[in-house]
Amino acid sequence: MPQTLSTSDMVTPGSFSPPPTEPTDGEQAGQPLLDGAPSSASLDTLIQHLVPTADYYPEKAYIFTFLLSSRLFIEPRELLARVCHLCIEQQQLDKPVLDKARVRKFGPKLLQLLAEWTETFPRDFQEESTIGHMTDVVGRIAPCDEAYRKRMHQLLQALHQKLAALDQGPEGLVGADKPISYRTKPPASIHRELLGVCSDPYTLAQQLTHVELERLRHIGPEEFVQAFVNKDPLVSTKPCFSDKTNNLEAYVKWFNRLCYLVATEICMPAKKKQRAQVIEFFIDVARECFNIGNFNSLMAIISGMNMSPVSRLKKTWAKVKTAKFFILEHQMDPTGNFCNYRTALRGAAHRSLTAHSSREKIVIPFFSLLIKDIYFLNEGCANRLPNGHVNFEKFLELAKQVGEFITWKQVECPFEQDPSITHYLYTAPIFSEDGLYLASYESESPENQTEKERWKSLRSSILGKT
């Protein structure tokens, strides 16, 4: 029998509880990490390290790390304003006569910084004021070389296209927040409809991968930081951000929907032979997800099969060849902080680095565990040291974890989308927790007094029967 998993164990945004940890403050200031960047420094010093000059350009890793973590201390539009102000001040761009030789060395570096920023964090530029800061500073160097103005135009075009694509968002989920209650068994069970849409487990695993990559593509790296933003006591008494993690939260809802969809499909058929066929089908889908490197769908399927309304179906499970399922359960066993899964993930990540085909590049991590890892990193280390310096070494580790994820989510899906299958995954009805339990009891009668009382209560509240 599978391990039971109650619906209360499903992941919900904001449900991660930190352990009682003491913040660390042991990093020593002044030790260089990236091209002279200190392990800790004042915010002003770190901002200065981001600003290019005629003879200096920050490392790419520093740019990503600081732009990712700086939003804990300063809003992106304010950071951009300060960077542009420092550029104007240091390069004397407010003078009537410019040093053209110096500007021609500085200009390409400034445009490169703006290009990297808009490419990686396009949502930082949704407000008109941020665009204004960019066009102002580039307008000041344009008289030295008209190519700067043309490059800025191209940069803004690319930015607007990226923002437009992000605004479209992935297809919405039906029933993710309002699962239906079980009422009556339909004459044709839902699993027949599923098998009618897709009877091949390999194809379904590929379509699940397509859905995962499509939804991941809309998650910005900044959402991982903004999910845990609290107020910085040295800057403000209010949070810097709110309601800026929609795509991250929508992805977690997709995971939950898939869990419930799997459980619904299993509980619906009237005959145990049919239910066993559905279970074996999903086991094969999960195994192919593992082979592809789609660990998120794999974990959702296992979680759905481990939900109590499914795991209690003993007569059904007796007809299932469970050896393959137990192997998959072992791979995703939470023991040792998911040690087996982490080993498999490292293997998939290594395969991705040495891949000869787009299929071998796919790495879709178990997302809720990734969020939890980042949460514990955030909670386990202080953002600032006792002297008020920003703990940059912490944010270097944060950027390492988020950066790896960004690489994975940019992989193009090698599988052609089948709209009929993905539409079904998004829109097929799913049962609520009570609906699942009632369907389960209707399929296999309650075994003890507690189950009998719950069955009676559900029949009364949902079906109106006594």
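This passage describes selected helices, side-chain contacts and backbone features of a predicted model.

Helix α6 offers a convenient place to begin. This helix covers residues 147-168, and at 1.5 Å a residue its 22 residues should span 32 Å. The C-alpha atoms at the two ends of α6 are 32 Å apart, which agrees with that expectation. Seven names make up the buried set of α6, namely Y148, M152, L155, L156, L159, L163 and L166. Viewed down the axis of α6, these buried residues fall within an arc of 100°, so they line one face of the helix. Their packing partners are α4 (100-120) and α5 (128-141). On the face of α6 turned away from the buried side sit the exposed residues K150, Q161 and Q168.

Attention now turns to a loop and the contacts made there. E444 is found in the loop between α20 (433-443) and α21 (449-463). With a relative accessibility of 7%, E444 counts as buried, because the cut-off for that class is under 20%. When neighbours within four places in sequence are left aside, the residues in contact with E444 are R275, R312, L313, K314, K315 and T316. Two of these partners can be described in finer detail. The side chains of E444 and T316 are joined by a polar contact of 2.6 Å. A polar atom of the E444 side chain also lies 3.1 Å from the backbone nitrogen of K314.

The same loop takes part in a salt bridge through E447, whose side chain meets that of K314 at 3.4 Å, N to O. E447 lies in the loop between α20 and α21 whereas K314 belongs to helix α14 (residues 314-317), so the pair ties together parts that are 133 residues apart in sequence. E447 counts as exposed at 51% relative accessibility, and K314 as partly exposed at 45%. K314 thus appears in both accounts: its backbone nitrogen lies 3.1 Å from a polar side-chain atom of E444, and its side chain forms a salt bridge with that of E447.

Salt bridges elsewhere in the model come next. Side chains of opposite charge can pair when their charged atoms come close. A search of the whole structure finds 19 salt bridges. One of them joins the side chains of D44 and R82, with an N to O distance of 2.3 Å. Here D44 is part of helix α1 (residues 43-50) and R82 is part of helix α3 (residues 76-90), so the pair ties together parts that are 38 residues apart in sequence. Relative accessibility is 47% for D44, which counts as partly exposed. R82 also counts as partly exposed, at 29%.

A further salt bridge brings together the side chains of D55 and K105, at 2.9 Å from N to O. This pair links distant parts of the chain, with D55 in the loop between α1 and α2 (60-69) and K105 in helix α4, 50 residues apart. D55 is exposed, with a relative accessible area of 65%, while K105 is partly exposed, with a value of 44%. Helix α4 has already been met above, as one of the elements against which the buried residues of α6 pack. In addition to these pairs, E75, R77 and E127 are linked in a network of salt bridges.

As for cysteines, the structure holds 0 disulfides. C84 is in no disulfide, and the nearest cysteine sulfur, belonging to C87, is 6.2 Å away. A disulfide requires sulfur atoms within 2.5 Å, so that distance does not qualify. C84 counts as buried, at 4% relative accessibility.

Finally, helix α16 has some backbone angles that invite a look. N337 has a positive phi of about 55° although it is not a glycine, and its place is in helix α16 (residues 335-353). F338, likewise a residue other than glycine, has a positive phi near 60° and lies in helix α16 too. Their accessibilities can be set side by side: N337 is partly exposed, with a relative accessible area of 47%, whereas F338 counts as buried at 13% relative accessibility.

How values were computed:
Residues are numbered from 1 along each chain as its sequence is written. This is a predicted model: local features need pLDDT of at least 70, side-chain atom pairs count only at pLDDT 80 or more; totals for chains, interfaces and linings use all residues. Side-chain values use heavy atoms; hydrogens and water are left out. Helices (H or I, at least four residues) and strands (E, at least two) are DSSP runs, numbered from the N terminus. The expected span of a helix is 1.5 Å times one less than its number of residues. Buried means under 20% relative accessible area, exposed over 50%, partly exposed in between (1.4 Å probe, protein chains only). The arc is that of the directions from the helix axis to the C-beta atoms. Contact means heavy atoms within 4.5 Å. A polar contact is a pair of N or O atoms within 3.5 Å; within protein, one must be able to donate a hydrogen and the other to accept it, and residues adjacent in sequence count only if both atoms are side-chain atoms. A salt bridge is a side-chain nitrogen of Lys or Arg within 4 Å of a carboxyl oxygen of Asp or Glu.
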